[in-house]
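Hi everyone, thanks for making the time. I'd like to walk you through one model today, with the structure up on the screen so you can follow along.

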Amino acid sequence: YLTYDWEKASVRIRKDDALDYYHCNSIKEYLNRRCQQEGSTLQGRREAFSQLMNARKHIPVLTSVRRGEIFMPFGKMDDPQTIWINLRAVLQRGGKRDPDLFHQRGEPAAGLPPADRQKADRAIAAVHHAHRRIVP
């Protein structure tokens, strides 16, 4: 998942066994760069999905077809505190809430307060709902 680290002025990218940083002014800028590498823009991808799926909220962003990167906001898109979840990582976990998705070695993953676990469950449910709409 993606969060913004204000101290390092970078996007924090949490993977199963690694933590990477990518220097950007915001997560939105990072996602836009990823989309541009694939020949589109963040705004273009969001508008296309919105129009095709008749959706207005919680719009996932396909950043890379080759890598299967689809990120969904866990909160409001423009909120700098929003966590972006990689849908592919969630879907590969078999549809259940896996504590390892948001925890690393028994410790809460950086950027996700324990009080937000109920919100995380709702976000994961929304991921699966969106996936069922995209892939019959």
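I'll start with confidence and the overall layout, then visit a handful of individual residues.

Please keep in mind that this is a predicted model. The protein chain averages a pLDDT of 75, and 65% of its residues score at least 70. Where is confidence lowest, and where is it highest? The low end is strand S8, residues 107–108, with a mean of 37, while the high end is helix H1, residues 27–37, at 93. There is also a stretch, residues 95–111, over which pLDDT stays under 50. For that stretch the model has 34 contacts beyond four places in sequence, so please read those contacts together with the score, because pLDDT is the predictor's confidence in each residue.

Now the layout. The protein chain has five helices and eight strands. If you trace it from the N terminus, the order is β-β-β-α-α-β-β-β-α-α-β-β-α. Of its 136 residues, 40% count as buried. For those of you who like contact order, take the contacts between residues at least 6 apart in sequence: 38% of them join residues at least 24 apart.

Let's turn to the aromatic rings. How many aromatic pairs does the count come to? The count is two. One of them is Tyr-4 with Trp-6, an edge-to-face pair with 4.8 Å from centre to centre and 70° between the planes. The two partners sit in contrasting surroundings: Tyr-4 counts as buried, at 12% relative accessibility, whereas Trp-6, at 52%, counts as exposed. Then we have Tyr-22 and Tyr-30, with ring centres 5.0 Å apart. Why is this pair called edge-to-face? Its planes are at 70°, and planes over 60 degrees apart count as edge-to-face. Here Tyr-22 is partly exposed, at 32% relative accessibility, and Tyr-30 is buried, at 4%.

While we're on rings, have a look at Tyr-21. Lys-8 lies over its face, 4.1 Å from the ring centre. Right after that lysine comes Ala-9, in the loop between strand S1 (2–5) and strand S2 (10–14). The backbone people among you may enjoy this one: phi of Ala-9 is near 50°, a positive value in a residue other than glycine. Ala-9 counts as partly exposed, at 28% relative accessibility.

On to helix H1, which is where Glu-29 lies. Is Glu-29 buried or partly exposed? With 22% relative accessibility, Glu-29 counts as partly exposed, because buried means under 20%. The Glu-29 side chain makes a polar contact with the side chain of Asn-25, at 3.3 Å. Glu-29 and Leu-42 are 13 residues apart in sequence, and their C-alpha atoms are 8.6 Å apart in space.

Next, two buried residues with polar side chains. Ser-64 lies in strand S4, residues 61–64, and is buried, with a relative accessible area of 0%. What does the side chain of Ser-64 make a polar contact with? The partner is the side chain of Glu-38, at 3.2 Å. Leaving out residues up to four places away in sequence, Ser-64 touches Glu-38, Arg-45 and Glu-69.

The other one is Thr-82, in the loop between strand S5 (69–74) and strand S6 (83–86). Thr-82 counts as buried, at 2% relative accessibility. A polar atom of the Thr-82 side chain lies 2.4 Å from the backbone oxygen of Lys-76. With residues up to four places away again left out, Thr-82 touches Leu-2, Ile-27, Pro-73, Phe-74, Gly-75 and Lys-76.

Last stop, the cysteines. How many disulfides does the count come to? The count is zero. Cys-24 is buried, with a relative accessible area of 1%, and Cys-35 is buried too, at 0%.

So here is what I'd like you to take away. The chain has five helices and eight strands, helix H1 has the highest confidence, and pLDDT stays under 50 over residues 95–111. Thanks for listening, and I'm happy to rotate the view for anyone who wants another look.

Terms used
Residues are numbered from 1 along each chain as its sequence is written. This is a predicted model: local features need pLDDT of at least 70, side-chain atom pairs count only at pLDDT 80 or more; totals for chains, interfaces and linings use all residues. Side-chain values use heavy atoms; hydrogens and water are left out. Rings of Phe, Tyr and Trp (its six-membered ring) pair if their centres lie within 6.5 Å; planes under 30 degrees apart count as stacked, over 60 as edge-to-face and the rest as tilted. Buried means under 20% relative accessible area, exposed over 50%, partly exposed in between (1.4 Å probe, protein chains only). A charge sits over a ring if NZ of Lys or CZ of Arg is within 6 Å of the ring centre and within 35 degrees of the ring normal. Helices (H or I, at least four residues) and strands (E, at least two) are DSSP runs, numbered from the N terminus. A polar contact is a pair of N or O atoms within 3.5 Å; within protein, one must be able to donate a hydrogen and the other to accept it, and residues adjacent in sequence count only if both atoms are side-chain atoms. Contact means heavy atoms within 4.5 Å. pLDDT is the predictor's confidence in each residue, from 0 to 100. A disulfide is a pair of cysteine sulfur atoms within 2.5 Å.
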